[in-house]
Amino acid sequence: MSSKKIILDEKDLPKQWYNIQADLPEPLEPPYNTRAGRPATPEDLEAIFPKEIIKQEMSSERYIDIPEPVREAYKIWRPSPLVRATNLEKFLDTPAKIYFKNEGVSPSGSHKSNSAIAQAFYNKEEGVKRIATETGAGQWGSALAMACQKFGIECVVYMVKVSFEQKPYRKSLMQVYGAQVFSSPSSQTETGRKVLTEDPDNQGSLGLAISEAIEDVLNNKNSKYSLGSVLNHVAMHQTIIGLEAKKQLEIAGDYPDIVIACLGGGSNFSGTAFPFIMDKLQGKQPNLKAIAAEPSACPKLSKGVLAYDYGDSSGFTPALKMYTLGHTFMPGGIHAGGLRYHGASPLVSALVKHNLVDPVTVKQREAFEAAVTFARTEGILPAPESAHAIRVAIQEALKAKEEGKSKTILFNLSGNGYFDLSAYDNYLSGSMVDYEYPSEKVCEALTHLPKI
Ligand SMILES: *Cc1c(COP(=O)(O)O)cnc(C)c1O
């Protein structure tokens, strides 16, 4: 093998995203407007999203053109490298080939820029002056802050308190990119003030931060909301990852038996796996296995129910048909903040229902053990979220060794971990804890699902 890093030329940057809605076994159930007691209409969504985004959300066209200014902005870091992890393979002494797509090379440090750039562009096109959003670990906020700066839009970020305190430099990065950042629950919104009055030490959650951002948008002129995961258009923007990886694997003369990505709301998993699942749906790769790695502390696909639920903790959003642990569920304060979300993308949920995606749970310390092994073999420091995918990739490579089979494994390194070193300190000092699955809290949260 001549090179372990497979680089695509800028001219080979994909010109279209892949929309898996064209190939699903059955159409998605629509989002539901619980206040009106009917499915949500495009008009319902126009209060918070630009029209083009709503069109993409509901589209069943298989390919959608990537606008030229978005492709130009992508070129700051794309195409991203695909790397064969030969040092990790040697360390594991496995016959498996392990490839990883490195999304940690984006300026904001994660795959989230792929959708942030697109969303900022469409908002700009429709005259939006200000975008409010939430962020968990800070990667989405950083990505959107950078994208808004690029297209001249004001950016306001509600950052989940536990991460705001664990990752102060994420806040600094967003501020460098020109964003205004609030710790959520904040005193900026009614939702935030109510939570703070009842529970001043509340650690926040993504669901709560989404509620604050949406309330902010509804109360401010010329403002729109932007979501970093879960929704169909975000999943579609992320398919640039899998589409590039496919071209790169073709150059290497390979095709994966197993595709792995971690799952918070589902966007990097979707982006990595959908272009390959397309081949399975079209009957070309019947044996392809797609694995979503989720934290044991927040296992919506493995232990949740498939039901209509709100995307945020206060019930501002339309209800989505998805695997959920209940919108009021507050997961334990694991370091992989991007995976602390109660629900999973409706698209991924539909694929899980049809057994086209296998969920696997990973405990926090197992994830960090895998991350340290990866850093010591491949030299790259992974984000704690990505570490969940690495853990599963290592397990699959060891399984291949036991079975004496050569498997080709592809996983997505969704981000780098340079802002997460305090989490690594916590792991290396031996003080990191695992959170057991909180079944009682989940049972309680599931009693609050909307009745539809
Ligand atoms: C946000 C994030 C995730 C989880 O979100 P998804 O939408 O499920 O991809 C995973 N990895 C990193 C690095 C993130 O920033």
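## A pair of strands to start from

Let's begin with lysine 97, which sits opposite threonine 408 of strand 17. Bear in mind as you look around that this is a predicted model. The strands behind that match are strand 7, covering residues 97-102, and strand 17, covering residues 408-413. They run parallel to each other, and 6 bridges link them.

## The sheet they belong to

Zoom out a little and you get an open sheet of 7 strands. Reading across, the order goes 1-6-7-17-12-13-16, and the pairing is mixed. So strand 7 has strand 6 on one side and strand 17 on the other in that order.

What stands at the edges of the sheet? Those places go to strand 1 (5-6) and strand 16 (358-362). Each has just a single partner strand, so one side of each has no neighbour in the sheet.

## Around the ligand

Now for the ligand. There are 18 residues around the ligand, and the ones that come nearest are Lys112, Ser229, Gly264, Ser267 and Ser414. Sorted by character, the shell has 12 polar residues, 4 nonpolar and 2 charged.

Which atoms of the ligand have polar partners? Serine 414 puts a polar side-chain atom 2.7 Å from a ligand nitrogen. Asparagine 268 also uses a polar side-chain atom, this one 2.8 Å from an oxygen of the ligand. With glycine 265 the backbone does the job: one of its polar backbone atoms is 3.0 Å from a ligand oxygen. On its own the ligand would expose 380 Å², and the protein buries 98% of that. The space the ligand takes up is also the largest cavity.

## Loops with unusual backbone

A few spots in the loops are worth a click. Two peptide bonds here are cis: arginine 78 to proline 79, with omega near -10 degrees, and serine 184 to proline 185, with omega near 10 degrees. Proline 79 belongs to the loop that joins helix 3 (68-74) to strand 6 (82-84), and strand 6 is part of the sheet described above. Proline 185 is in the loop between strand 10 (180-184) and helix 9 (190-198).

Then there's aspartate 93, where phi is near 55 degrees, a positive value in a residue that isn't glycine. You'll find aspartate 93 in the loop from helix 4 (86-92) to strand 7, and strand 7 brings us back to the parallel pairing with strand 17.

Notes:
Residues are numbered from 1 along each chain as its sequence is written. This is a predicted model: local features need pLDDT of at least 70, side-chain atom pairs count only at pLDDT 80 or more; totals for chains, interfaces and linings use all residues. Side-chain values use heavy atoms; hydrogens and water are left out. A residue is near a molecule or strand if one of its heavy atoms lies within 4 Å of it. A polar contact is a pair of N or O atoms within 3.5 Å; within protein, one must be able to donate a hydrogen and the other to accept it, and residues adjacent in sequence count only if both atoms are side-chain atoms. Accessible areas come from the Shrake-Rupley method with a 1.4 Å probe; for residues, only the protein chains shown count as cover. On a 1 Å grid over the protein atoms alone, a cavity is a set of points where a 1.4 Å probe fits but cannot get out, and a pocket is an open set with protein on both sides within 12 Å along at least five of seven lines; lining residues have an atom within 4 Å of a point. A molecule sits in a cavity or pocket if more than half of its atoms lie within 2 Å of its grid points. Ala, Val, Leu, Ile, Met, Phe, Trp, Tyr, Cys and Pro count as nonpolar, Asp, Glu, Lys and Arg as charged, and the others, Gly among them, as polar. Two strands pair if DSSP finds at least two bridges between them. Helices (H or I, at least four residues) and strands (E, at least two) are DSSP runs, numbered from the N terminus.
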